[in-house]
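I opened the notebook to look up how the ligand is held and how the domains are arranged.

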Amino acid sequence: MVKVNDNYLKLQGSYLFSNIAKKVNGYVEAHPEAKIVRLGIGDVTQPIAPEIINTLHEAVDEMGNADTFKGYAPDLGYEFLRNAISDYDYKKRGCSIDPDEIFVSDGAKCDCGNIQEIFSVENRIAVCDPVYPVYVDSNVMAGRAGDYDKSTEKYSSVIYMPCKEENGFMPEFPTEVPDLIYLCFPNNPTGAVMTKDKLQEWVDYANKNGSIILYDSAYEAFISEDNVPHSIFECEGARTCAIEFRSFSKTAGFTGLRLGYTVIPKDLVVDGVKLWDLWARRHGTKYNGAPYIIQKAGATIYTPEGRKQIEQQIAYYMENAKYIYNGLKEAGYSVSGGVNAPYIWLKTPDNMTSWEFFDYLLEKANVVGTPGSGFGPSGEHFFRLTAFGSRENTIEAVDRIKNL
Ligand code: MLT
């Protein structure tokens, strides 16, 4: 008799952003005249930079020529891309990450979701609360999260680290030592950042306790302030306790092209087993690599012209962030984030729940955002807006919210 993986039955509802899309589609069907502005899911809106488009065209032509055609990509990704990543994203920042420690993939979401596979189901995970839902849901699917308690909105085996207004949206060391610690900075959803000193304390904590930090730095390109680390490998000792995930989605607008990478240092050893070996085995078995043309496109962001163009794009989104932040402040909202991250985190007015505010904004302003409680119980009474809209839509959304 076939049995399903009943861990899936422990998942709560649909994936947050699918849920929101369904709600918005329902509203649009009932109100076809509504001019909806979507600042919910962190999906980019600016077209791919011209320099990257040129590379894509060239790479497509290469695929049509017998002399330059490429079949399966190398397991870890093409060397031209891994060398560029190692030089630009790491060596330039004083981190020693070898190109062979970089695994190129089709995005950080898949890697963040899949990485738990190389760890025992007995490991305890710790997550910030609120948190990007993929970390928790992928552990629920694997049977590592325990049972869901509706009253607390938490899974019994997950260690939640509340990130609230009172602690500056920063996690505190949990009383019970976790095996795996998910950290994402600049943070999704709060937009908060960790200073280098603070991150160093986490690295020291992990090394002291034998924990592994799964560090998601998908938003590092949006950092504008000094003393905010772009990589966990800027901290001393991180090579023996951390794995890092990076994404081209927000950095270079690749949400539709798909490209990311994961760094696993070769000195990262658990019980005599190199985690690099396990991930390489998994990669080789379950994955055939990101497409050549996409990896070529990705490498373009490390050229001077490519870099210049994506920096302009990032500056454009960060102008949006500033506009949202200032506009909401003027309207009397309590706001944070938006300085080193493309997310603005606001407190709902009049003690509305996050979903009440979602409905209110959708109905009264036709603006879509993301309810904070969708990211975890400590996100209740908060709400996230993204800076990834067009300038026009961003201005329109802020004006509508101000006029409520
Ligand atoms: C978000 O809105 O949180 C992100 O777009 C999700 C993602 O990157 O998968």
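Which ligand atom lies 2.5 Å from a polar side-chain atom of Y132? I found that the atom facing Y132 is an oxygen of the ligand, a polar contact in the sense of a pair of N or O atoms within 3.5 Å.

I noted that this is a predicted model, in which local features need pLDDT of at least 70, side-chain atom pairs count only at pLDDT 80 or more, and totals for chains, interfaces and linings use all residues. Residues are numbered from 1 along each chain as its sequence is written, and side-chain values use heavy atoms, with hydrogens and water left out.

I then looked up two further contacts: a polar backbone atom of G42 is 2.6 Å from a ligand oxygen, and an N or O atom in the side chain of K250 lies 2.8 Å from an oxygen atom of the ligand. Taken alone the ligand exposes 270 Å², of which the protein buries 85% (accessible areas by the Shrake-Rupley method with a 1.4 Å probe).

I listed the residues around the ligand, those with a heavy atom within 4 Å of it, as F17, I41, G42, K109, Y132, N188, Y219, K250, Y343 and R384.

I checked the domain assignment (bounds from an automatic or database assignment), which gives domain 1 (10-47 + 305-402) and domain 2 (53-303). Their contact, meaning heavy atoms within 4.5 Å, takes 37 residues from domain 1 and 46 residues from domain 2. The shell around the ligand draws at least three residues from each of these domains.

How values were computed
Polar contact = N/O pair within 3.5 Å; in protein donor to acceptor, adjacent residues only side chain to side chain.
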